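User: Can you walk me through this one? I'll ask short questions and jump around.

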Amino acid sequence: MLLNPVLGKLVGKRVVLASASPRRQEILTNVGLRFEVVPSWFKETLEKSLFAAPYEYAMETAKQKALEVANRMHVKHLRTPDVVIGADTIVTVDEQILEKPVDKQDAYRMLSRLSGKEHSVFTGVAIIHCSSKDNQLETDVTNFYEETKVKFSDLSEELLWEYIHSGEPMDKAGGYGIQALGGMLVEYVHGDFLNVVGFPLNHFCKKLAELYYPPPKHNIQHKKYDSIPSVDTFENLSDGESESSNFTEHKAASKLDNSGMCSSGAIYNYENSSSVRTGFMVPLENQSGVSESAAKLPSKILELMDGFRASKALFVACKLKIFDHLKDKGPLKAVDIANEIGTSVCGTERLLDACAALGLLEKTSQGYRNTDSANTYLTSDGEYSLHGYIIHSNDHVWPLFTNLESAVKEGSRQNHRAFGRKAEDLFKDYYHSWEVKQRFMAAMHSIAHLTARDVATAFDLSQFKSACDLGGCTGALAHELVQIYPNLKVTVFDLPEVIANISYFQPSGQCTAPVTFVSGDFFKDNLPEADLYILSRVLHDWSDEKIHVLLSKISAVCKPGCGILLAEMVLDDEKKNRSTALLQSLNMLVQTEGKERSGSEYRGLLEQHGFTNVKIRLTGNLLDVILCVKT
Ligand SMILES: O=c1[nH]cc([C@@H]2O[C@H](COP(=O)(O)OP(=O)(O)OP(=O)(O)O)[C@@H](O)[C@H]2O)c(=O)[nH]1
């Protein structure tokens, strides 16, 4: 595909759009960019008089919007995004900056200023590349702006007020939307139309091209990307592995010395106008016998084809406790690690090398050591350890997924094939042995702990005095809730087998008094009284029929004003965009009678039981949150 190699460089990265603007979301979605939306909380209150030019104000605001999201995600989500995009659109006329009108009078003031005149629309954009070093967020900011000139016709008072009463001006810079009714006010546009709508796509692609395809060294002084690379240049911008696909590599590449060796040791060939990393070239002979890169290498498909290898390497490294073994130690040689854990040297060395290449370990001439992420997430005893979930994935999910074909053919769970027995009840499967129960609870605990803050803060829950976390397992979310809402009393309600086993997972040195554990089966037993019922990763386990049973029980004990908080991966209504959630739905197919559902599907289920005012928040973390109240 000729058009997408620049945006293709963002594939596989965690890209976040720090904007609530539906127009920006649409512009970027329309060109196939995959991203999460995390609206910025940065207030647009920078002192305008401090800026020499209006575009500097827009660029700075865009930067602050994006930095706020990058910082928040780094702290709250414990998962640093790779790229955060922020934007700010302003209109300038008669040396005045116009932003979004605060009310109809303000819209009138703006539009009457624009009537019959030419004005400028500036959008400032910030592209922030993020990384985490020693748990500190590191950011690399690229900032630019685009200007478009727009001329309005003379607008009569009547037209102005009719337009204002349409409601369109209110959330738009300068008080008009050029893409809709506001288009009728416009005599001409000079420049990028999408810039007026809120996002200068063309300039954005050029910036990405500059960042990801810097000009060859001998051209650096002369060549300026003053347009998106022409189409034949795009062909050189292969989407395959022959190009360095990573922003930091390009940073390194731009520091090349004369030997053609960059600081990371990769060799670059500057003979051609497109710089290529020779190590990843797949030489092909063309008719004139000249080698050229396999430009159409289907890297995405190859990545998917081999994805299971990377998963399994991670699983085995965790199972063998390699990250535990390396924790808090200097680099260790493969032979020492192999001797310690009782494995072959040749096999261990290959596994360690693969883990290093996957970014899980660092390899130096002295040996291997953990990355910061490995210390945080892959050792078995860290506060935010995912070890339990990884072992569960290896021992439980993996055998089930090997039967995915049968699950798809039969439309049902595959426990009998994977484990040789048909569990009559979903959770009986986990609780038949202490070891399996411990493993399952550790898995549930690690995800609940990692997502608890986002779930607890997605909505302001301070109006509720008591909450009952149905199926709340080890209480990870409950403990987070009582920290955030000190007046909230939380009861965790779960099966007796679970409640009997929670002590291992309780936070140490913390007052746990406000969390109470009650055992019972939410399908069979009376539910504890509460103002708010929480169902986190519960509904996805069950069929619609069972969900109706549960919701009608909750509805029966819920007074008006009481609510339900759901935490699930919420699918988009068309079920086509959120691959992690869609794969999770396959996961539900192989092991449960449930599935992941869209926002509309959850809304439909809840409304049937009198829970209205359904609000959905996509958190950008693993679980999204839905809040509704009983009317
Ligand atoms: O012709 C149009 N002009 C402008 C717009 C929309 O106006 C807003 C501009 O506001 P801002 O840049 O502050 O962005 P917000 O919407 O507040 O979202 P953030 O979360 O990014 O701050 C923007 O939405 C433009 O799309 C328009 O639609 N048409």
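**Cysteines, strands and a pocket**

Analyst: Cys-628 is buried, with a relative accessible area of 1%. Buried means under 20%, exposed over 50%, partly exposed in between, using a 1.4 Å probe on protein chains only.

User: What sort of model is it, and which pLDDT limits apply?

Analyst: A predicted model, with pLDDT of at least 70 for local features and 80 or more for side-chain atom pairs, while totals for chains, interfaces and linings use all residues. Numbering starts from 1 along each chain as its sequence is written, and side-chain values use heavy atoms, without hydrogens or water.

User: How many disulfides does the structure hold?

Analyst: Zero. The test is a pair of cysteine sulfur atoms within 2.5 Å.

User: What is the nearest cysteine sulfur to that of Cys-318?

Analyst: The sulfur of Cys-355, 8.3 Å away, and Cys-318 is in no disulfide. Cys-318 is buried, also at a relative accessible area of 1%.

User: Back to Cys-628. Which cysteine sulfur is nearest there?

Analyst: That of Cys-558, at 8.4 Å. Cys-628 is in no disulfide.

User: New topic: strand S18. Which residues is it, and how many of them are buried?

Analyst: S18 spans residues 563–568, and six of the six are buried, so the strand is largely enclosed by the rest of the structure. Strands here are DSSP E runs of at least two residues, helices H or I runs of at least four, numbered from the N terminus.

User: Which residues point which way from S18?

Analyst: Gly-563, Leu-565 and Ala-567 go one way. Ile-564, Leu-566 and Glu-568 go the other, and all are buried. In a regular strand the side chains alternate between the two faces of the sheet.

User: In which sense does S18 pair with S17, parallel or antiparallel?

Analyst: Parallel, over five bridges, with S17 at residues 532–536. To pair, two strands need at least two DSSP bridges between them. Ser-536 has Ala-567 in S18 as its bridge partner.

User: And S18 with S20, parallel or antiparallel?

Analyst: Antiparallel, over six bridges; S20 covers residues 624–630. Glu-568 is bridged to Asp-624 in S20.

User: Now S15. How many of its residues are buried?

Analyst: Five of its six, so mostly covered; the strand runs over residues 489–494.

User: Which strand pairs with S15 in the parallel sense?

Analyst: S14, residues 466–470, over five bridges. Asp-469 stands opposite Val-492 in S15. S15 is also joined to S16 (residues 515–519) by five bridges, again in parallel. There, Thr-491 stands opposite Thr-516.

User: Pockets next. How many residues line the second largest one?

Analyst: The lining has 37 residues. Ser-380, Gly-382, Glu-383, His-445 and Phe-505 lie nearest the centre. For the record, a pocket is an open set of points on a 1 Å grid over the protein atoms alone where a 1.4 Å probe fits, with protein on both sides within 12 Å along at least five of seven lines; lining residues have an atom within 4 Å of a point.

User: Which helix gives the most to that lining?

Analyst: H20, with 11 residues. Helices supplying at least two residues each include H3 (54–77), H16 (387–401), H20 (434–457) and H21 (476–484).

User: Last one: where is Met-441, and is it buried or exposed?

Analyst: Met-441 is in helix H20. Met-441 is buried, at 0% relative accessibility. Asn-501 is 60 residues from Met-441 in sequence, but the C-alpha to C-alpha distance is 8.7 Å.
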